[in-house]
Amino acid sequence: MHRRALLILATVGLIATGCSSISTPAVDYGTGSFFPYVVDSQDDMGQGNAVALTPDGLPYVSYFGYAAKLAEGQIAIPRPFGAPNVPGVMLSTSSSDGLWQRGAVEMQASPPGLAPNGVTVPFGPVSTDNLDKTLTAKAANGTSIAVDAQGTAYVAWTSSNTVSYGTSSLTTTATVDTVYTLSGTVSEAGPIGRPSIALDDAGNPWIAFTIETNKGLEVHVANLSGSKWTDQVVATFAGCNGCPSPQPTGIGFVGGAATVIYADPSAKQVVALTQKGTAWTPTTVASGVTGFGLSFAAAGDKAIAAFYTGDGAVDVATLGQGSWSTDKAADVTTDPNETVNGSDASSTAAAIAGDTRYVAYDDQGIHLSSATDASFSAVDLGSTVSSGTDPSLAATDKGAVALGWYDTLAQNEMLGFAGNVTGIVVARPSPSLTVSQAPPGGGGSCGADKAVLLDQTAVGTSFTESCLVAAPGKFTVNFDNKAAGIPHNFAVLTAAGGKQIAATKVASGPVQQTLPLDLQAGTYYFQCDVHTFMNGTLAVVNGAK
């Protein structure tokens with residue numbers, strides 16, 4: 001029996017009969033270096049999840065949504081108005097003030113005559129008849145997501161015999177394309193591996209995936225130019241008796257060049273393909289490993305790949321000066337089972353944040369390790385991840401790191417940020433992220449007493465002051481980042497979302513900085529550019545002293 005099935009049986013045994021819904025688990029706050037919270041808890045949410053971050057650190061999460069698994073006699077809770085139908089390819093994002101928008105790019109169409117009028121689902125999903133026939137937990141094989149600076153999400157996923165693509169934003173409606181169709185009927189995940197998606201410098205999506213045929217395995221790359229998808233086979237390799245189904249395939253852009261990573265378990269190697277003109281040049285990333293649960297991350301001219309070795313470890317291969325080197329990230333209790341496919345399969349996730357490499361992996365719960373050199377260290381995640389599977393990772397060059405996973409016990413999509421979490425609380429009853437700040441002094445009240453206040457402090461991921469006051473002319477804001485290891489800055493803008501006037505450099509605490517300004521009387525906006533939910537009002541008031 002699959003490990004997830006065992007966890008689900010345990011879950012069902014704990015669910016009370018009647019009208020109660022599947023409960024949201026208690027959140028373990030760990031040691032203060034990792035903060036987990038619930039992205040989506042209505043029904044069964046989170047299998048096949050992937051996470052991406054905008055340059056300013058706002059998370060976008062894709063995942064599959066299904067009807068909840070209920071105990072005998074339990075009555076399903078109706079989905080609220082405005083929530084996407086299930087099954088669906090779900091898409092959620094958090095605003096800078098911590099409020100979640102939970103939508104989808106594709107969902108099951110409502111029965112005729114039962115679609116609610118005047119109700120808008122976030123991201124304007126495509127409604128598809130009979131989606132429940134092809135998008136099943138048994139036949140789906142993961143999502144992948146990329147997001148641009150404007151908040152447009154690009155999602156790829158595998159279900160049944162197709163690789164699909166969808167794109168949308170909070171201000172548009174979704175479009176969905178079929179990228180590839182495998183001949184024949186697929187009722188269980190396996191013949192098509194988990195896909196990966198990345199954007200080139202022009203913002204065009206590229207998708208990589210591996211398929212199994214009667215002649216062996218093929219690595220495919222599909223890219224969208226205009227409105228047309230072009231699919232090409234970039235590598236082939238032999239299968240073998242006892243070899244697993246296709247492993248996840250990674251794609252990214254390293255120094256501007258498209259790079260694909262795939263695992264060849266029969267040859268016990270992980271291979272990178274780099275596009276040079278119309279050709280794809282292979283390079284051996286690692287040898288003597290199974291490459292199970294492969295993941296890939298690229299940032300600028302940096303790249304890493306994470307995978308299970310097959311002999312009790314998770315390794316990370318790093319590209320440096322044109323060659324790959326491998327380090328052990330962690331030992332694992334149990335190697336992946338080669339007969340397990342789809343969302344049940346053990347997996348890794350990789351991310352790069354500046355000079356720091358991160359790898360998450362599945363080993364009787366979710367684990368996270370990081371390194372700035374050859375030596376990886378475990379990150380304390382608390383116990384909330386103990387019933388998690390299917391990790392996903394994303395990071396920004398400013399140091400924000402997000403970890404997503406599926407909680408098999410509560411059937412929830414989860415997300416956590418690495419770093420000091422002082423000042424963050426969870427809003428109830430909505431499982432959303434809220435930033436604890438000083439009592440608001442913004443709006444019309446900020447500066448009303450004309451008392452100059454120009455000292456700002458960052459503690460954890462919050463500012464101590466939401467209202468600063470100055471007299472017109474030249475003045476200096478004193479910024480004290482007391483958040484050890486967390487990057488912050490202090491930026492002044494003309495308004496929320498407006499033009500930046502001046503800003504300190506982004507720097508990890510503890511550090512003290514000053515920001516000289518010369519402003520006319522008026523109301524201005526300040527924020528941390530790394531964590532834009534840290535913001536407030538700068539009132540420049542005549543007569544302030």
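Hi everyone, here is a short tour of two nonpolar cores and one buried serine in this structure.

A word on the basis: this is a predicted model, where local features need pLDDT of at least 70 and side-chain atom pairs count only at pLDDT 80 or more, while totals for chains, interfaces and linings use all residues. Residues are numbered from 1 along each chain as its sequence is written, and side-chain values use heavy atoms, with hydrogens and water left out.

Let's start with the cores. By nonpolar core I mean a set of buried Ala, Val, Leu, Ile, Met, Phe, Trp, Tyr and Cys residues joined through side-chain atoms within 4.5 Å, with buried meaning under 20% relative accessible area (1.4 Å probe, protein chains only). The largest one has 22 residues, and Phe 463, Phe 475, Val 477, Phe 490, Val 492, Leu 517 and Leu 538 have the most contacts inside it. At least two of its residues come from each of strands E34, E35, E40, E41 and E42; strands are DSSP runs of at least two residues (E), numbered from the N terminus. Apart from this core lies another, of 18 residues, including Tyr 66 and Val 105.

Now, which residues does Leu 517 touch? Beyond four places in sequence, they include Phe 475, Val 477, Val 492 and Leu 538, where contact means heavy atoms within 4.5 Å.

Finally, please find Ser 392 in strand E27, residues 388–395. Ser 392 is buried, at 5% relative accessible area. Leaving aside neighbours within four places, Ser 392 is in contact with Asn 49, Ala 349 and Leu 403, among others.

Thanks, and I'm happy to take questions!

Key:
Buried < 20%, exposed > 50% of the residue type's maximum accessible area, 1.4 Å probe, protein only. Helix = DSSP H or I, 4+ residues; strand = E, 2+ residues; numbered from the N terminus.
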